[in-house]
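Me: Hello! I am new to this one and would love a friendly tour. Could you show it to me?

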Amino acid sequence: MGWNSWNSFANIVNSQIVQQQAKTMASNSMKEAGYEYVVIDEGWWLGERDAAGNIVVNPKQWPAIQPGQKDGDMANIATYIHSLGLKAGIYTDAGRDGCSMYPDSGPKLLNTGSEGHYDQDFLQFSKWGFDYVKVDWCGGAKEGKSGAVQYAEIARAIQNAEKTTGRKLYFSICEWGSQNPWFWAPGVGEIESTIWRTGGDIIPPVVESLHDAEHDKRIITLKNVLESFDAGLHPEAQHTGYFNDLDMMVMGMRGMTDALDRIHMGLWAISSAPLMVGSDLTRLSPATLSLLTNKEALTIHNDPYGLQPIKVDEPSAGVQIWIKPMAVAGRRAVAVLNRTDASTQVKVNWEKLGLKGLPKSSRDVFSQKDMGADAAISVPAHDLALLIVDGEDKAPAEYSPNGCSIAGMQATRGPDFARLHFANSSGHAVVVRMKSTSGLSTAIALPPTTGSEDGEVGLILPNGTADISFEGAGVAIRKLDVYSW
Ligand code: GLA
């Protein structure tokens, strides 16, 4: 959770803008709600290196902030962000060149990528004090590289940097889904927590201070938001620590209404997608801010299982029921998404949520009201209702492993929700490769467990998953409970 400079500032980003945004995030209730990263996207570096290959930045763009600092040192801004109790993020490209997309006029800036300098650059980011790095794919795509290979090398460079500085550098992969990163990004380089972009940009940037004919006509629509959501669903790849990234948020930006903001917040929260707000935080309306900091929506977002939702029903065309199983037994997040131009009334078919009978309670997150468990839900045109529902799970099918394999396991009724029980006494998270004879292959980071208490993570198994195995040293797989609906 945090802020990213790209959607609202594009290549005009500078120290003053970042300081102002960071200060706003620290004081407008977002920080208390859990937003923590302040990420500087493309435009911070214009491609210059010194004779030793070190990155050189424009000293006017990144001047000293405190006495004793030098102009042109990126540590200045990282220190400033840290002084507000926030974490700092930076950006580079996996190839030689970056994207250099906006302003669109003028020569493209070349050599703003890290290829050939992976170890040097990621160590530099870490030494400057950055805690997060987004790695784009413009240069990589231009050179026809393999994403799986390049990002694995970058993961190694990040790990080397972390060893040297002792500072964690969170890895954000931005390959736009072009080479199916959901197959190789979870656990790349044995990293236990990663996000990867699943699609292209949600919008071209909307920089309110810039005016040109092309830019002035940019307006964000429902289509932008829904396309990013639809392209980002790969629930079988998303587990505790590994998240499909639906792209930076555009809440409250030009064209976004309160209803579109609700759809955006509701879908990103129920998807446990990174909440990287790309808006100008100094211009957020009270309504947008209160959606971004809605405690119950964030409880759904931050659920420890971190799963994506499954569409369980479409009572009429364009009216969809999405549900996400949460870590508490019998709890579901439910989104009723109305993609149509007409308002609708929906009675949820609770059977389809994998619950026994009616839920015990149902809570409307955005209106913050308890609902009758069997009440009809009204959703205006192009809007979304978000609920937290508590009930009782139907009994699961239980599978016990032989070593690390489970023979006879079958998911046949559509995407199935499963709970994996394990013991991990190693004291640290262990990355386990999960494979099935049906072709499923992904990674899960199993957190450490203490004493005799088993750990538990949630999984979504695609239809057809059969005979499953878990490869990874130091953990014991206890059982897999599979819930069908
Ligand atoms: C790509 C990325 C965006 C942003 C821009 C910067 O388009 O997908 O998120 O980083 O590059 O040019």
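Reply: Happily! Let us start at Lys311, which counts as partly exposed at 39% relative accessibility. Partly exposed is the band between buried, under 20% relative accessible area, and exposed, over 50%, with a 1.4 Å probe and protein chains only. Please keep in mind that this is a predicted model, where local features need pLDDT of at least 70, side-chain atom pairs count only at pLDDT 80 or more, and totals for chains, interfaces and linings use all residues. Residues are numbered from 1 along each chain as its sequence is written, and side-chain values use heavy atoms, with hydrogens and water left out.

Me: Which side chain does Lys311 meet in a salt bridge?

Reply: A salt bridge here is a side-chain nitrogen of Lys or Arg within 4 Å of a carboxyl oxygen of Asp or Glu. Lys311 has such a partner at 2.8 Å, N to O. The partner counts as partly exposed, at 31% relative accessibility. The side chain that Lys311 meets is that of Glu314.

Me: How many salt bridges does the structure hold?

Reply: Side chains of opposite charge can pair when their charged atoms come close. The pair of Glu314 and Lys311 is one example. For the structure, the number of salt bridges is 33.

Me: How many residues apart are Asp393 and Arg332, which link distant parts of the chain?

Reply: The side chains of Asp393 and Arg332 meet in a salt bridge of 2.7 Å, N to O. Asp393 sits in the loop between β16 (383-390) and β17 (397-399), while Arg332 belongs to strand β11 (residues 331-338). Helices (H or I, at least four residues) and strands (E, at least two) are DSSP runs, numbered from the N terminus. Along the chain, the distance between Asp393 and Arg332 is 61 residues.

Me: Are Asp393 and Arg332 buried or exposed?

Reply: These are the two partners of the 2.7 Å salt bridge. Asp393 and Arg332 fall in one class, and that class is buried.

Me: How far apart in sequence are the parts that Lys145 and Glu115 tie together?

Reply: The side chains of Lys145 and Glu115 meet in a salt bridge of 3.4 Å, N to O. Lys145 lies in the loop between α6 (138-142) and α7 (147-165), and Glu115 in the loop between β3 (87-93) and α5 (118-128), so the parts tied together are apart in sequence by 30 residues.

Me: Which of the two, Lys145 or Glu115, counts as buried?

Reply: Lys145 has 27% relative accessibility, so this residue counts as partly exposed. At 17% relative accessibility, the buried partner is Glu115.

Me: Which cysteine does the disulfide join to Cys99?

Reply: A disulfide is a pair of cysteine sulfur atoms within 2.5 Å, and the structure holds one. Its sulfur atoms are 2.0 Å apart. The torsion about the S-S bond is about 100°, so the disulfide is right-handed. The cysteine joined to Cys99 is Cys138.

Me: How many residues apart in sequence are the parts that this disulfide ties together?

Reply: Cys99 counts as buried, at 10% relative accessibility. Cys99 lies in the loop between β3 and α5 and Cys138 in helix α6, so the disulfide ties together parts whose separation in sequence is 39 residues.

Me: Where does Ser272 lie?

Reply: Ser272 has a positive phi of about 50° although it is not a glycine. Its relative accessible area is 3%, so Ser272 is buried. Its place is the loop between α11 (258-270) and β8 (276-277).

Me: Where is Gln368 found?

Reply: Gln368 also has a positive phi, of about 55°, although it is not a glycine. At 44% relative accessibility, Gln368 counts as partly exposed. Its place is the loop between β13 (361-364) and β14 (369-371).

Me: How many residues surround the ligand?

Reply: A residue is near a molecule if one of its heavy atoms lies within 4 Å of it. The closest ones around the ligand are Asp41, Glu42, Lys134, Asp136 and Asp201. The number of residues that surround the ligand is 13.

Me: What is the distance from a polar side-chain atom of Glu42 to an oxygen atom of the ligand?

Reply: For Asp41, a polar side-chain atom lies 2.6 Å from an oxygen atom of the ligand. For Asp136, the distance from a polar side-chain atom to a ligand oxygen is 2.7 Å. For Glu42, the distance is 2.5 Å.

Technical notes. A polar contact is a pair of N or O atoms within 3.5 Å; within protein, one must be able to donate a hydrogen and the other to accept it, and residues adjacent in sequence count only if both atoms are side-chain atoms.
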